[in-house]
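Colleague: Could you walk me through a few features of this model before I get back to the bench?
Modeller: Happy to, let's look at it together.

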Amino acid sequence: MITSREIRLKSRPVGMPNADNFELVTVSVPHPAPGEVQVENLWMTVDPYMRNRMAHRTSYAPSSQPGKEVHGGAIGEIAASNSTMYGWRPSFQLGDALEGGAIGEVAASNDPRFNPGDLVSSVFGLPPQAFLGVAGMPGLTAWVGLLKIATLKPGDVVFVSVAAGAVGSVVCQIAKLKGHTVIGSAGGTAKCAFLKHIGVDHVIDYKVTGDLTEALLHVAPTGIDVYFENVGGEHLEAALAAANPFARFAICGMISQYNAIGLPDGPRNIMFVMGKSLRLEGFNIANYFDHMPEFQREMSRWIHEGKITWKETIEHGIENAPTAFLKLFRGENFGKMLVKLR
């Protein structure tokens, strides 16, 4: 037996989570049984969707394969497989180890398909942690949302909220690779400078702009055709106001509402959906996971050609996983939020 550490849900958050909702626990880990491997996690990801699973309701989340247990001391666990299964999962139970994506190294194997030292879920020669971000679920979310949900068309003007985030920054770069005008919204000088660096045509700093709708209409005088939604609230209202007839909205997330205690106000100008014949489509990446091989081939080629770049914010040590998670909701991450475990 060896020991491992994990973060557990100690209490359910009400509104914004805080450090008291989590606890660090040391557990004993058995040696792998036949057909199993023991993985030491090297990197783990924290993502906004985890907040929904902390409430007492069913939620979408990645999950390890049924019957497989993974050890290695991380808030995120990975199965003895090269892939992760996705689906609808119940909320975390109090005392549960919190689940999320991780990249690890096989420490001990009782499965002939795996040898000690193998990296689990890492291919194409990219840095391992890239498969928790630009080449993993966030990148796939951007690719699917823009190309499959919003059905990007020639000449489209694309507006992206949380444009400097793990998903939004990939959306911006794919749209630019395909020759489109891109408008990105982000908060703060550094994030806005990054968007300009990756070729975003018009950047809106929502932290300093007065009226977001007015700011968007100023940089998109002919309107927008695609909106990639990550935040909700004022951003959605601005996009509805600026949308051209038959514009398409890919609804990926609404992080501004995840910690709401009551029901937030709906968009005041929702009637534009009817008047402009808009299409708003929410999507669950679980329904598109079969596109991962195609996406990773295309994304790895873009990365090797120097056409895609990304940012990472890194916390060190499993004990700082809650800190990393809480930073997501304070806007303190720049790009993908990761925890380096070794």
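Colleague: Is strand 11 largely enclosed or open, and how many of its residues are buried?
Modeller: Keep in mind that this is a predicted model. Strand 11 covers residues 224–229. It is largely enclosed by the rest of the structure, because the buried residues number 6 of the 6.

Colleague: Which residue of strand 11 is the bridge partner of V160?
Modeller: Strand 8, residues 157–160, pairs with strand 11 in the parallel sense, over 3 bridges. In strand 11, the residue bridged to V160 is F228.

Colleague: And in strand 12, what is the bridge partner of V226?
Modeller: Strand 12 spans residues 243–251 and runs parallel to strand 11, with 5 bridges joining them. The strand 12 partner of V226 is R248.

Colleague: Now the helices: are helix 2 and helix 3 parallel, perpendicular or oblique to each other?
Modeller: The axes of helix 2 (residues 137–149) and helix 3 (residues 168–177) come within 8 Å and cross at roughly 50 degrees. An angle from 35 to 65 degrees is neither roughly parallel nor roughly perpendicular. That crossing angle therefore makes helix 2, relative to helix 3, oblique.

Colleague: Is that crossing of helix 2 and helix 3 left-handed or right-handed, and how many nonpolar residues are in the contact?
Modeller: The crossing of helix 2 and helix 3 is right-handed. Helix 2 contributes G139, A142, W143, L146 and L147, while helix 3 brings V170, V171, I174 and A175. The contact has no charged residues and 1 polar one, and its nonpolar residues number 8.

Note on methods. Residues numbered from 1 in each chain as written. Predicted model: local features only at pLDDT ≥ 70, side-chain atom pairs only at ≥ 80, totals over all residues. Heavy atoms only, no water. Axes fitted to C-alpha atoms, helices over the stretch in contact; angles between N-to-C directions. Helix = DSSP H or I, 4+ residues; strand = E, 2+ residues; numbered from the N terminus. Parallel < 35°, antiparallel > 145°, perpendicular 65-115°, else oblique. Left-handed = near helix turned anticlockwise from the far one by under 90°. Contact = heavy atoms within 4.5 Å. Nonpolar A, V, L, I, M, F, W, Y, C, P; charged D, E, K, R; others polar. Buried < 20%, exposed > 50% of the residue type's maximum accessible area, 1.4 Å probe, protein only. Pairing = 2+ DSSP bridges.
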